[in-house]
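Hi,

Here is the structure I said I would pass on. Have a look at it first, and my notes follow underneath.

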Amino acid sequence: MKTVKVLTLDDFDLNGKTVFLRVDMNCPIDSKTLEISGTKRIEEAIETIKALEKSKLVIASHQGRVGNNDYTGMDRHAIVLEQLLNKKIKYVEDVIGQAAQEEIKNLKNGEILLLDNLRLCAEENYEFSPEDAAKTIMVQRLSKLFDLCVLDSFPSAHRAHPSIVGFPYVLPACAGRIVEREVRNLDNIMTVAKAPHVIVLGGSKVPDRLEAIKMLIKNGRADHVLLTGLIGNVFMRAQARIKYPLGIKREEEVVAKAHALIGEYPDVFSTPVDVAIDKDGQRVELDVRELQTGDKIYDLGPKTVEHYSKIIASAGTVFISGPAGFFEKENFSFGTKSLLNAVADSMATTLVSGGHLTTALKEQGLEEKINHISTAGGALVLYLTGEKLPMIKALENAAIKYRSGT
Ligand code: 3PG
């Protein structure tokens, strides 16, 4: 992949400038209390926010997806930010309306304003070409209030939303510290990555994952795909080893896609042979053939972990994304912890991705043994396919424009 050097914060005089900073503070949310249950992504945003301390800073992020439990306002994020920075954060329950615009105009040097969830604005839920994103009401209304756009939401770099591809089309734009670091490290890693490429995939965003898996295999980036978590269950249903519906969105469609993938690449996929289910709060391990209708699969069993660990040990490059089960519950964290240990012990080039796994990695003190850790999930999977992500393209084009003075 040919890389154009993108601009960074070091290329601009930030003093007194009104800056639009797109971060990714999309955090896990407790479905009962609606409280933020993991603040890692907010913590990560701090470095770039501090680098912009002499600007009039407007921070924007999405949280969850419309219709999902984790779709909330950003009021709690404002409180967490305030605590982490030990500084007053202005917060407005608005994104593109009069209230938000007035707050932006009234900002003074050194002040920080957090906008509400970007996805409250309908346009932010659709993908656009950069030209069309620049024509959205969001970009038309807000861009005239800013001097600079800083993109630092690497976990959403694969989304061609107006806040990601529209603002950099009309404003000078650069990468924030997270994006700068991720791109530099990943480019370095991709030049040393060698076969066999082992991908360990779990997590719950199944439709996104299915598309990416196909591209990874086609582009020679996945010799073995070891499936865990919800996506593992989908493939087991496709193999008719789970004989009951899993109760997930668009289930028949995703199962059919998984079935087609197995047919096309029969030697690439491994699925669990044993699992742990939840029986009245207790962990019960059983062979996949013993599953009964309605059994809730919360973790991998020991035979699967042993088998997957052997494949990981023989890898040239290992990429692991998404937890292997309900790892927040101690008695179902075995699979996730064991696979992370196997990755940390391997001699391969190692990448760990996604908020859940990076938290688990930290808890186990394994961070030092991993080559690259990223809080991005889906964005990183797509990056590894060799596809250029919309955000990176937008930053490269902004750099070309800036350097040519147009
Ligand atoms: C993520 O957590 O992967 C990013 O924040 C993107 O979220 P999305 O998949 O809802 O666009």
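I'll begin with a loop residue: Asn86 is exposed, with a relative accessible area of 72%. Bear in mind throughout that this is a predicted model. You'll find Asn86 in the loop between helix H2 (75-85) and strand E3 (90-91). Its C-alpha atom is separated by 15 Å from that of Leu52, and the two residues are 34 apart along the chain.

Now the overall layout. The domain assignment splits the protein chain into domain 1 (9-180 + 388-404) and domain 2 (193-375). Eight residues from domain 1 and seven residues from domain 2 make up the contact. Measuring centre to centre on C-alpha atoms, the model puts domain 1 and domain 2 32 Å apart.

How much area do domain 1 and domain 2 bury between them? The value is about 670 Å², with 40% of it on carbon and sulfur atoms. On the domain 1 side, 50% of the area buried against domain 2 is supplied by Lys40, Arg41 and Arg65, more than any other three residues give. As for specific interactions, the count between the two domains is two salt bridges, along with five residue pairs in polar contact, both residues of each being at pLDDT 80 or more. Arg65 turns up again in a salt bridge with Asp208, where the closest N and O atoms are 3.4 Å apart.

Next, two helices and what is buried in them. In helix H3 (residues 98-105), the buried residues are Ala100, Gln101 and Ile104. Seen down the axis of H3, these fall within an arc of 100°, so they line one face of the helix. What do the buried residues of H3 pack against? Their partners are strand E1 (18-22), strand E2 (56-60), strand E4 (112-114) and helix H5 (137-143).

Helix H9 (residues 229-238) is mostly covered, with nine of its ten residues buried. Among them are Gly229, Asn233, Phe235 and Arg237, and the buried set also includes Ile231, Val234 and Met236. Just after H9 comes Ala240, which takes a positive phi of about 60°.

That brings me to the backbone. Most residues other than glycine have a negative phi, and most peptide bonds are trans. With that in mind, here are a few spots to look up in your viewer:

- Leu34 has a positive phi, near 60°. It sits in the loop between E1 and helix H1 (40-51), and Leu34 is partly exposed, with a relative accessible area of 33%.
- Asp280 also has a positive phi, near 50°. Its place is the loop between strand E10 (274-279) and strand E11 (282-287). Is Asp280 buried or exposed? Asp280 is exposed, at a relative accessible area of 77%.
- Ala195 and Pro196 are joined by a cis peptide bond, with omega at about -5°. Pro196 belongs to the loop between helix H7 (177-192) and strand E7 (197-201).

If you only have a few minutes, I'd start with the contact between the domains, with Lys40, Arg41 and Arg65 on the domain 1 side, and then go to the cis bond between Ala195 and Pro196.

Cheers

Note on methods: Residues are numbered from 1 along each chain as its sequence is written. This is a predicted model: local features need pLDDT of at least 70, side-chain atom pairs count only at pLDDT 80 or more; totals for chains, interfaces and linings use all residues. Side-chain values use heavy atoms; hydrogens and water are left out. Buried means under 20% relative accessible area, exposed over 50%, partly exposed in between (1.4 Å probe, protein chains only). Helices (H or I, at least four residues) and strands (E, at least two) are DSSP runs, numbered from the N terminus. The arc is that of the directions from the helix axis to the C-beta atoms. Contact means heavy atoms within 4.5 Å. Domain bounds come from an automatic or database domain assignment. Buried area is the accessible area (1.4 Å probe) that two parts lose on being put together, summed over both. A salt bridge is a side-chain nitrogen of Lys or Arg within 4 Å of a carboxyl oxygen of Asp or Glu. A polar contact is a pair of N or O atoms within 3.5 Å; within protein, one must be able to donate a hydrogen and the other to accept it, and residues adjacent in sequence count only if both atoms are side-chain atoms.
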